[in-house]
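Biologist: Please take a close look at one part of this chain for me. Pick a single residue and work outward from there.

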Amino acid sequence: MIFIIDQPGVSVTGRLSILEDVLYPWSFLLNTLLWLLLAKSVVSTVRYLWKVRRRDRRLRP
């Protein structure tokens with residue numbers, strides 16, 4: 001929850017609330033998109049390597 005900053009004096013200290021504390025939605029969105037892109041690239045790479053490995057097994061005598 002690094003995108004929600006606890007505001008002293010506004011809410012209970014040590015507890016985060018989206019309604020009372022500061023939320024940085026663009027930072028959250030950018031971070032989420034970067035992690036999704038990383039996950040997608042890992043999945044694509046594994047699928048590609050799996051496909052190449054299967055193809056190489058078929059070509060061996």
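Modeller: Start with Leu29, which sits in helix α1, spanning residues 25-59. This is a predicted model, so confidence belongs in the picture. Among the chain's elements, α1 has the highest mean pLDDT, at 90. Strand β1, residues 4-5, has the lowest, at 60. Across the protein chain the mean pLDDT is 78. Of its residues, 62% reach 70 or more.

Now the side chain. Is Leu29 buried or exposed? Neither label fits, because its relative accessible area is 39%, which makes Leu29 partly exposed. Buried would need a value under 20%, and exposed one over 50%. Patch residues must have over 30% relative accessible area, and Leu29 has 39%. Leu29 joins Trp26, Leu33 and Leu36 in a nonpolar surface patch. That patch covers about 480 Å².

Step back to the whole chain. Helix and strands follow the order β-β-α from the N terminus. That gives 1 helix and 2 strands. The protein chain has 61 residues, and 8% of them count as buried. Its exposed area is about 5,900 Å². Carbon and sulfur atoms supply 67% of that area. Back at Leu29, the view is of a partly exposed side chain in a nonpolar patch with Trp26, Leu33 and Leu36.

Technical notes: Residues are numbered from 1 along each chain as its sequence is written. This is a predicted model: local features need pLDDT of at least 70, side-chain atom pairs count only at pLDDT 80 or more; totals for chains, interfaces and linings use all residues. Side-chain values use heavy atoms; hydrogens and water are left out. Patches are made of residues with over 30% relative accessible area and no salt bridge: like charges are joined within 9 Å, nonpolar side chains (Val, Leu, Ile, Met, Phe, Trp, Tyr) within 5 Å. Accessible areas come from the Shrake-Rupley method with a 1.4 Å probe; for residues, only the protein chains shown count as cover. A salt bridge is a side-chain nitrogen of Lys or Arg within 4 Å of a carboxyl oxygen of Asp or Glu. Helices (H or I, at least four residues) and strands (E, at least two) are DSSP runs, numbered from the N terminus. Buried means under 20% relative accessible area, exposed over 50%, partly exposed in between (1.4 Å probe, protein chains only). pLDDT is the predictor's confidence in each residue, from 0 to 100.
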